[in-house]
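Reader: I would like to go through the labels attached to this model one at a time, and to hear in each case what value stands behind the label. Could we begin with burial and then move on to sheets, rings and cysteines?

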Amino acid sequence: MGNFKQWAKTAPCGWNSWDCFGAGVTEKQLIENADYMAKHLKKYGWEYIVCDIQWYEPKACSNDYNNFTELCMDEYGRLIPAENRFPSSANGKGFKPIADYVHSLGLKFGIHIMRGIPRQAVHKNTPIFGSEKTARQVAHHFSVCSWNTDMYGMYNCDGAQDYYNSIINMYADWGVDFIKCDDICVTEFRKWDNPYSADYEIEMLRKAIDNCGREIVLSLSPGPAPRDKTEHLCKNANMWRLTGDFWDLWDHLYPMFDKCREWQGVTQEGNYPDCDMLPIGRISKLCSYHGSQNRMSNFTKPEHYTLMSLWGIFKSPLMIGGNMPENDEFTLSLLQNEEYMLMHKTAKNAREAERCETDGKGYIIWTADSEEYRYVALFNTDDKPISVNYSVQNAYDIWQKNTVSADVIEIEPHGARLLKTEK
């Protein structure tokens, strides 16, 4: 099938259900967002519809997890969609009907999975499809997720590889194009020892995907990914998280400047350090989570520009978090900005060019280049307006959509100016 890095020649752009629906997303909501993307965003480069965590749990209804709850599973210990939430999955169809519909719109379909094998499968000691081993023989009972009770990690053994092969082959048959694997980039229960202790499970996933007969993008979560594991990450995954869950708070946004600086120079075709989702639009619909329930993003308008500018110039994957059919005009304008999407697709060599701050307040400048253009992002990290001595002539302001010639750039509190000039 060729090198997996060729499957994602540009940083993936799409939508993920977590920020708006948490663990409780339904088939209806997936379809509504797919329809919206196809109508309003596809032509700008947005293409992935990703169903996040707990799609196999009938009782999931918010961002919270039901500990040790009953999961939907086949006779080989493979999790399958809960029919009450995804009715088209009945009669063993899995996610194939939804994937087929998403593909009919010219889009791609993705799912979230947890590292390892279901505890429920281990307790029942199910056989593993295509293997002489059983669930109990491969489960590592000390290898557990600190925030979700669904799974055991697995030992580094042939039977574990057989299990990963069995689920990835099933996902390929469903038509899955993108897999977000959680509790694998950093395994928090081993934080005191080796938070990258799931490295061999990453390799098993890589091998299973490479041999499944379908091009599937692999995204690893959560973060922060260890910077000293860059070579291993680049060898095995398309995306990996730089942080824990990112939400619509300045206290979450400001530290991303350090994360991006730490990882600058790593991005290449097929490998994209991931700043996490874009919590914009209508989010937290099913419960209050890092803010009020069913809210529009807490980010101010200038903070939206900072978020989008940093993610874009850094070339992070872009995953919309809000329920897209409820987008307001401003949110939609960010996502339909052709010059921004061109920068994200074509610019390279992103780097922090200058930082002038005192106690975290001041300005930061990032630059990147494409074959035709030079891009400059100027960020105000202060809580009051600032003026930055930066001279430009006939620069195009990507957000304001006008031409700028000035020796001083004015920037709103926590805001950004994103400029394009010809080389």
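Author: We can begin with D382, which has a relative accessibility of 7% and counts as buried because that value lies under the 20% limit. Please keep in mind throughout that the model is a predicted one.

Reader: Where does D382 lie, and which residues does D382 touch?

Author: D382 is placed in the loop that runs between strand 16 (373-380) and strand 17. Leaving aside residues up to four places away in sequence, D382 touches K361, G362, P413 and H414.

Reader: What makes strand 16 count as mostly covered?

Author: Of the 8 residues in strand 16, 7 are buried, and the description rests on that count.

Reader: How do you know that strand 16 pairs with strand 15 and with strand 19?

Author: Two strands are taken as paired if at least two bridges are found between them. Strand 15 and strand 16 have 7 bridges in the antiparallel sense, and strand 16 likewise pairs antiparallel with strand 19 (residues 416-422) over 7 bridges, so both pairs satisfy the criterion. On one side, I365 has L378 of strand 16 as its bridge partner, and on the other, Y373 is matched with E422 in strand 19. Strand 15 and strand 16 are also joined by a hairpin, through 3 residues.

Reader: Why are strand 14 and strand 18 called edge strands of their sheet?

Author: The sheet is open, with 6 strands in the order 14-15-16-19-17-18 and antiparallel pairing. Strand 14 (348-358) and strand 18 (402-411) each have a single partner strand, so one side of each is left without a neighbour in the sheet. From one strand to the next, the twist averages 20°.

Reader: What supports the pairing of strand 17 with strand 18?

Author: Strand 17 (residues 386-397) and strand 18 share 8 bridges in the antiparallel sense, and the requirement is at least two, so the two strands count as paired. Among the matched residues, I386 has I411 as its bridge partner in strand 18, while V388 stands opposite I409. The hairpin of these strands has 4 residues between them, and K401 there takes a positive phi near 60°.

Reader: How do you know that strand 4 and strand 6 pair, and which strands stand at the edges of their sheet?

Author: Strand 4 and strand 6 (residues 151-154) pair antiparallel over 2 bridges, and since at least two are asked for, that number meets the criterion. One position in this pairing is I117, which stands opposite Y152 in strand 6. These strands belong to an open antiparallel sheet of 3 strands in the order 4-6-5, in which strand 4 (117-118) and strand 5 are the edge strands, each pairing on one side only.

Reader: What makes V144 partly exposed?

Author: V144, in strand 5 (residues 139-144), has a relative accessibility of 22%, and because this value falls between the limits of 20% and 50%, V144 counts as partly exposed.

Reader: Turning to the rings, why is the pair of F314 and W366 called edge-to-face?

Author: The count of aromatic pairs comes to 24. For F314 and W366, the ring centres are 6.1 Å apart, which is within the 6.5 Å limit, and the planes stand at 85°, which is over 60, so the pair is edge-to-face. The pair links distant parts of the chain, with F314 in helix 11 (residues 301-314) and W366 in strand 15 (residues 361-369), 52 residues apart. Both F314 and W366 are buried.

Reader: How do you know that C145 and C157 are in no disulfide?

Author: The structure holds 0 disulfides. For C145, the nearest cysteine sulfur is that of C181, 11 Å away, and the sulfur of C157 is 16 Å from its closest cysteine sulfur, also in C181, which is too far for a bond. A disulfide needs sulfur atoms within 2.5 Å, so neither distance qualifies.

Reader: Are C145 and C157 buried or partly exposed?

Author: C145 has a relative accessible area of 9% and is therefore buried, whereas C157, at 25% relative accessibility, counts as partly exposed.

How values were computed:
Residues numbered from 1 in each chain as written. Predicted model: local features only at pLDDT ≥ 70, side-chain atom pairs only at ≥ 80, totals over all residues. Heavy atoms only, no water. Phe/Tyr/Trp six-rings, centres within 6.5 Å; stacked < 30°, edge-to-face > 60°. Buried < 20%, exposed > 50% of the residue type's maximum accessible area, 1.4 Å probe, protein only. Axes fitted to C-alpha atoms, helices over the stretch in contact; angles between N-to-C directions. Contact = heavy atoms within 4.5 Å.
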